[in-house]
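Here are a few exercises on salt bridges and burial, each with a worked solution. Keep the viewer open and try each task before reading on.

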Amino acid sequence: MIKKISVLVVFLMCFSVSVLAEEYTVQRGDTLYHLLGDMFTPSEILDINADIKQQVPDFQLQVGDDLIFNHGEVVIKINISKEIHISRKKNGINVAVVNYPVKVLRTVVSGEINNSLFYAMQRVGESDILAIKLAEILEWEVDFFKDIRKGDFFNILVEKKFCRNKFIGYGRILAVDFVNNGRFIRGLYYEDGNISGYFRPNGESLQRGFLKAPLKFARISSTFQRRRLHPVLHVYRPHYGVDYAAPIGTPVHATADGTVIVRGYSKGNGNYVKLRHNNGYETMYLHFSRFKRGLSRGDFVKQGEVIGYVGSTGYSTGPHVDYRIKKHGKYINPLSFKSPTKKLPAEEMDQFRQSTQMYANLLNYSYLRYACRDCVEDSVRIN
């Protein structure tokens with residue numbers, strides 16, 4: 001009888017805790033004074049706010065934050081790895097910041113492309129974010145508008161972050177193998193002093209002087225042609241650029257470091273930007289809906305920096321950016337243009353090999369694992 005009563009008391013205690021605990025999601029206009037006013041005095045809330053700021057200098061109550069009220073304690077859930085616990089103790093108000101450990105695991109993610117990179121990543125249970133990170137590493141080597149083929153393959157060594165047994169995001173990609181139309185590309189992450197980036201095993205950087213394209217993802221609607229029927233003027237004339245069709249407002253990126261020499265408008269080009277680069281190169285970006293705010297003639301822009309947004313101004317039949325390259329005043333076909341490569345200094349190679357050997361080994365081991373699995377499957381079928 002005593003055992004049954006004690007069990008009942010424990011059950012009721014647990015039930016009362018669950019009933020008394022209340023969760024609230026911060027709404028627009030909420031403040032600490034509003035949320036804590038029933039539990040603490042205004043002067044205590046001032047002290048609480050000062051204590052929080054001392055421990056978490058960048059703290060700011062955000063719409064969507066969750067608060068838990070439970071037995072005189074308030075828990076502010078900043079994110080899955082950090083909480084602020086506020087409670088009243090015998091000696092006053094206690095404000096404690098609780099940091100939950102974040103574990104980083106190195107994982108190999110592999111997949112075959114039968115449709116698109118995004119779809120292939122989803123098929124292996126990964127996020128579009130990883131597809132974007134991979135595309136950013138390979139954007140100097142692979143044009144994701146025209147180069148992708150059915151059967152292309154990726155093998156990625158990536159850091160995955162976990163907290164409280166939940167996946168919370170990706171860290172760095174440490175190494176990548178990509179097979180594109182039979183061409184094998186391996187990139188190894190290396191960082192030492194002022195040097196950082198992805199390099200081939202021979203020390204060549206995957207980052208080239210020019211990006212393959214000024215948009216992350218789009219489709220080619222018209223190519224470089226010496227003679228093309230103009231879709232607006234209906235006359236034959238050269239088309240010295242590549243048209244990348246994308247929704248209005250899509251960001252357009254500078255394909256290389258350069259200086260803005262034109263930011264203007266013309267009847268044919270619409271809103272357009274021309275950049276001057278080293279070694280006699282120039283690039284042009286036509287038909288913007290608008291320019292990046294604050295962009296002016298004479299500004300220096302970095303490779304990958306947004307300079308404007310896709311539009312349909314000038315002689316245009318739909319939203320796109322017309323991208324052009326010149327060298328010493330002569331137009332070059334952007335799709336066949338081979339950008340100059342960068343390479344690690346010879347004296348850096350030993351350190352590079354030592355630092356990246358583990359990454360290469362993990363990628364290589366993943367192939368052996370799949371090969372062994374296939375051997376087992378084959379033996380099962382044979383038997």
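## Exercises on charged pairs

Glu 159 has a relative accessible area of 12%, so Glu 159 counts as buried, the cut-off being under 20%. Please keep in mind that the model is a predicted one.

**Exercise 1.** Find the salt-bridge partner of Glu 159 and say which strands the two residues belong to.

*Solution.* Start from the side chain of Glu 159, which forms a salt bridge with that of Arg 172, at 3.4 Å from N to O. Next, place the two residues: Glu 159 sits in strand S7 and Arg 172 in strand S8, 13 residues apart. Finally, check the accessibility of the partner: Arg 172 is partly exposed at 35%, whereas Glu 159 is buried.

**Exercise 2.** Which residue pairs with Arg 164 in a salt bridge, and how many residues apart are the two?

*Solution.* The side chain of Arg 164 meets that of Glu 83, with an N to O distance of 3.2 Å. Arg 164 belongs to the loop between strand S7 (152-163) and strand S8 (166-180), while Glu 83 is in strand S4 (residues 82-89); the pair links distant parts of the chain, 81 residues apart. Now compare the burial classes: Arg 164, with a relative accessible area of 40%, is partly exposed, but Glu 83 is buried at 5%.

**Exercise 3.** Work out which parts of the chain are tied together by the salt bridge of Arg 183 and Glu 141, then look for the network around the pair.

*Solution.* Begin with the pair itself: the closest N and O atoms of Arg 183 and Glu 141 are 3.2 Å apart. Arg 183 lies in strand S9 (residues 183-192) and Glu 141 in the loop between helix H5 (128-138) and S7, so the salt bridge ties together parts 42 residues apart in sequence. Arg 183 is partly exposed, with 33% relative accessibility, and Glu 141 is buried, with 3%. Then widen the view: a network of salt bridges links Glu 141 and Arg 183 with Arg 200 and Glu 204.

**Exercise 4.** Put these pairs into the setting of the whole chain: how many salt bridges are there, and what share of the residues is buried?

*Solution.* The salt bridges number 13. For the fold, count six helices and 22 strands. Of the 383 residues, 40% are buried. Turning to contacts, take those between residues at least 6 apart in sequence: 61% of them join residues at least 24 apart. Last comes the accessible surface of the chain, about 21,800 Å², with 52% belonging to carbon and sulfur atoms.

How values were computed. Residues numbered from 1 in each chain as written. Predicted model: local features only at pLDDT ≥ 70, side-chain atom pairs only at ≥ 80, totals over all residues. Heavy atoms only, no water. Salt bridge = Lys/Arg side-chain N within 4 Å of Asp/Glu carboxyl O. Helix = DSSP H or I, 4+ residues; strand = E, 2+ residues; numbered from the N terminus. Buried < 20%, exposed > 50% of the residue type's maximum accessible area, 1.4 Å probe, protein only. Contact = heavy atoms within 4.5 Å. Areas by Shrake-Rupley, 256 points an atom, 1.4 Å probe, with all protein chains shown as cover.
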